[in-house]
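Biologist: Could you take a close look at the salt bridges in this model for me? I would love one connected walk through them, from within the chains to the place where the chains meet.

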2 protein chains.
Amino acid sequence: MTLRFTIEAQDGGTAARAGVVADERGSFRTPAFMPVGTAATVKGVWPGQLREMGYGCILGNTYHLYLRPGHERVRSLGGLHRFMGWDRLILTDSGGFQVFSMSALRKVTDESVSFRSHIDGSAHVLTPELAVEVQEALGADLRMALDECVAYPAERKEVEDAVRRTTLWAARSLAARRMPEGGMLGIVQGGMFAELRRRSVEEICALPFDGYAIGGVSVGEGKELQRETVDRTAPLLPASKPRYLMGVGTPGDLLFAVSRGVDLFDCVLPTRNARNGMMFTSAGPMTVKQARYRDDPLPPDERCACPTCRAFSRAYLRHLYVQGEMLASMAMTVHNLSFYARLMERARESIFRGNFTDFMKESLDSGIE
Amino acid sequence: MTLRFTIEAQDGGTAARAGVVADERGSFRTPAFMPVGTAATVKGVWPGQLREMGYGCILGNTYHLYLRPGHERVRSLGGLHRFMGWDRLILTDSGGFQVFSMSALRKVTDESVSFRSHIDGSAHVLTPELAVEVQEALGADLRMALDECVAYPAERKEVEDAVRRTTLWAARSLAARRMPEGGMLGIVQGGMFAELRRRSVEEICALPFDGYAIGGVSVGEGKELQRETVDRTAPLLPASKPRYLMGVGTPGDLLFAVSRGVDLFDCVLPTRNARNGMMFTSAGPMTVKQARYRDDPLPPDERCACPTCRAFSRAYLRHLYVQGEMLASMAMTVHNLSFYARLMERARESIFRGNFTDFMKESLDSGIE
C-alpha cells in the first residue's frame, strides 16, 4: 500500500487538522469533501468542472458499477479513471451500504451477503473478496473494506452481529488485496451503542488499514445522535491516519466533524439537493423554486464567486427550474459543489491559522446549517 | 437599423458565400448555424461552452419567452442577454411558428392570431406589433417579422392567404419598430407552390428588412420538396442581405442550402437528437444506445476534437445514456453542436478557397447525411 497521509497543521482549540492524502496518481488536501459519482459520473457536471472547483478526489459506488456497466467491462476499457475521464483520485465504497439499503431479498451470513439487484432482480452474492476484486478492477485509489451497515433504529443484538461480521470481513478484505497502488480503509460500525462503537474501533483499528472510516451513520438516526456518535468515535481513531465520515452531511455537519478531527467526507446532499432546486449558501439554504425569487436579480450567494453566481440570477435559476431545464440542475450542482469545496478550503486555512473555532462560529452565525 | 452584412468571399462553382453579420454588440461569421435556446437556455450546455465552440449567435423563442417567464420580466431583469448570461448575438423568432404549431384553438384574422397557451390554456392575442414589442423587450439583436406559417400539405387557397397576411404583417412589423440597435428580418412564405413563393419573395423583399428568411419549410414536406423550395427561393432573395433558412436541418441539408447561397440556419436537431442518444459524426449518424457500442473504446467521432470526443468513449456515453445520466445529454449536445460549428467553419474556409463543391462532395462521401 502506498497511500500516504501527512498532517500539515493542527488547530489550536479543536481536534481539527489539515493534511494531504497522496498516492501514485496524485494528492488532495484535507479536510476534503468528495463529490459522489454513483454511476461513474457526478450527476450534472463535467469532470473538468470538478477539477476547476479544486476537487482532488471523487467517489464511485461499487454496488452500482458492479451491476452496470460491470467492473470487468470498466477494467477492459482501461479502468474507472479513463472510463469517466477523471485523472485525479477516486474512492470507491465497498458496496455494503447500497446492498443493505437498496437491494431486495438480502440474506447475510458470516460468509457473504446474497441479494437481488434493484434494477432487474438478478441474484448476486457479495463477499469481502469480491468487493476488493471489483474495486481493484475499477482501479480506485482508495478502496473500502466490506462492512455490514445497520439501519437505525436496530436491536443491540443485530448491531453486535454486524460489528463482529464487519471485523471478520475487514480481515478478509485486507487478505484479498492484490493491487499495490493506493490503499484500503477499514470501516467502524456499532450503531448508536457507545460500547459497540468502542469495540468496533478496537477491532478495526487493530488491522493495518491506510485509514479508518465511521460507517453506519446517516442511516436514520438524526442529527443529535449522529453528532454524539462522531464526537465519541472520531477521537478513538488513530490520529496518524485519515479519518473518513461516510455519507455525511450538511455544511454544519461537516464543520462539526472537522472540529472532532475528521478529514474526509462524502454526501449526495449538494448534488441531490441541487436537482431539487435547493442551494447551500453562506446565509443558509435557499429553495430557488419559491415564488419570491421570480424577479430577484441577485446571484444565489452574494459571497460566492462560482460560475453560477457569476453568471446567473435567482430569477433565472428559478425560471430554469420551473421550466424543467437541465441547466437548472447543472448550474445549481456547480454552485453547491463549489460551496462545499470552498467551505473545506476555508476550514483548512483557519486550521493553519489555528482558529478553526472562530471560522466555525462565523459560518454558523451567518446562517450555515 | 444598424445590422450590417459584409460578404467576404464568393465560392467559385456555387452560390455559396462567406460573410460577417455585425451589430453594436458584436459580430459572427457566415455561413452560420445558430443553436436553439428555446426557453432562454440551449438545453444541456453552459453559455461558456457555446462561446468555446465558436458560436456568435443563438436563438431564443419569442412564443416561449412571452409565456414564461414573460418578456416584461426579462426586460426588468436587464434583457435576455443578461438574463441568460450570453453576451454575443441573439436572434428571436417572431412567435409565429410556435403559435401555429404548438398552441390550441387558433383563430387567424388579418388583424391578429388568437390562441391558447400550450402550458395552461390561457388566452392570448398575437399581433405583428406585439411580436415586435416582445422581441424588443427581450433585447434581441436580430428580430423576425411575424409571419403565418402553414403546415404541409395545404390547399393553395390557404397558402395564398398566408402569403397575403404575411406581407401585411411584415409592413406592420417594420412600422412597429422602436429599438434602434440590431435589425429585423422578413420572412418569405408560399409553401411548396413555386408561384406563391415568387409572389411572397417579391412582396417581402420590396420591404426594407435587414435580411430575408425562408420560412414555411421543415413543416412536413420532406427532404426533396424542401430542397426544391430552397433551390427555387434562395436565388430570388437579395444577394446583399443575409439569407436565413428557418428550422433546417441535417448537416447535409445545411451544405445543400449553403451551396444555394443561404447564410443562416437554426434547428433543434443537434440538441434534440443528442438528448435521444444520436450523434452526428463525419461518418454519418451514430445511435450510441445500440448494444454494439457497449465495449467500444473509440471516441464518437475519430475526426472530432470536441471536449466529448477528447474525453469520452462510445462505451462510456452508451453507459451514461442507458443509466439516464444528465451527462449523456450534456456530452452529446456538446459534440453535436461542436460538429455543426466545425462544419460551418470548414464550409466557410472552402468558400474562401473557392472550392465549396469539393468540400461538400467529400463531406457527403464520408457519410454525412
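Modeller: Happily! Let's begin with a network of salt bridges in this predicted model, one that links A:Asp110, A:Glu148, A:Lys157, A:Asp161, A:Arg164 and A:Arg165. For context, the structure holds 51 salt bridges over all chains.

In chain B, B:Glu148 and B:Arg165 form a salt bridge with an N to O distance of 2.6 Å. This pair joins distant parts of the chain: B:Glu148 sits in the loop between strand 11 (142–144) and helix 7 (156–175) of chain B, while B:Arg165 belongs to helix 7 itself, 17 residues apart. Both B:Glu148 and B:Arg165 are buried.

Another bridge in chain B pairs B:Arg227 with B:Asp253, at 2.8 Å from N to O. Because B:Arg227 lies in helix 9 (residues 222–233) and B:Asp253 in helix 10 (residues 251–259) of chain B, the pair ties together parts that are 26 residues apart in sequence. The two ends sit in unlike surroundings: B:Arg227 is partly exposed, with 24% relative accessibility, whereas B:Asp253 is buried, at 7%.

For a bridge inside one helix, turn to A:Glu195 and A:Arg199, whose closest N and O atoms are 3.4 Å apart. These two residues are four apart in helix 8 (residues 194–205) of chain A, so about one helical turn separates them. A:Glu195 is partly exposed, with a relative accessible area of 39%, and A:Arg199 is partly exposed too, at 26%.

Now to the place where the chains meet. Contact between them involves 39 residues of chain A and 39 residues of chain B. Together the two chains bury about 3,300 Å², with 63% of that on carbon and sulfur atoms. The interface of chain A and chain B also carries four salt bridges. In a salt bridge between the chains, the side chains of B:Arg73 and A:Asp295 come to 2.7 Å, N to O. Polar contacts between chain A and chain B, counted with both residues at pLDDT 80 or more, come to 10 residue pairs.

On the side of chain A that touches chain B, the elements giving two or more residues are helix 1 (47–52), helix 4 (79–84), helix 12 (307–311), helix 13 (314–323) and helix 14 (326–353) of chain A. By residue type, that side of chain A divides into 22 nonpolar, eight polar and nine charged residues.

Technical notes
Residues are numbered from 1 along each chain as its sequence is written. Chains are lettered from A and ligands numbered from 1 in the order in which they are written. This is a predicted model: local features need pLDDT of at least 70, side-chain atom pairs count only at pLDDT 80 or more; totals for chains, interfaces and linings use all residues. Side-chain values use heavy atoms; hydrogens and water are left out. Buried means under 20% relative accessible area, exposed over 50%, partly exposed in between (1.4 Å probe, protein chains only). Contact means heavy atoms within 4.5 Å. Buried area is the accessible area (1.4 Å probe) that two parts lose on being put together, summed over both. A polar contact is a pair of N or O atoms within 3.5 Å; within protein, one must be able to donate a hydrogen and the other to accept it, and residues adjacent in sequence count only if both atoms are side-chain atoms. Ala, Val, Leu, Ile, Met, Phe, Trp, Tyr, Cys and Pro count as nonpolar, Asp, Glu, Lys and Arg as charged, and the others, Gly among them, as polar.
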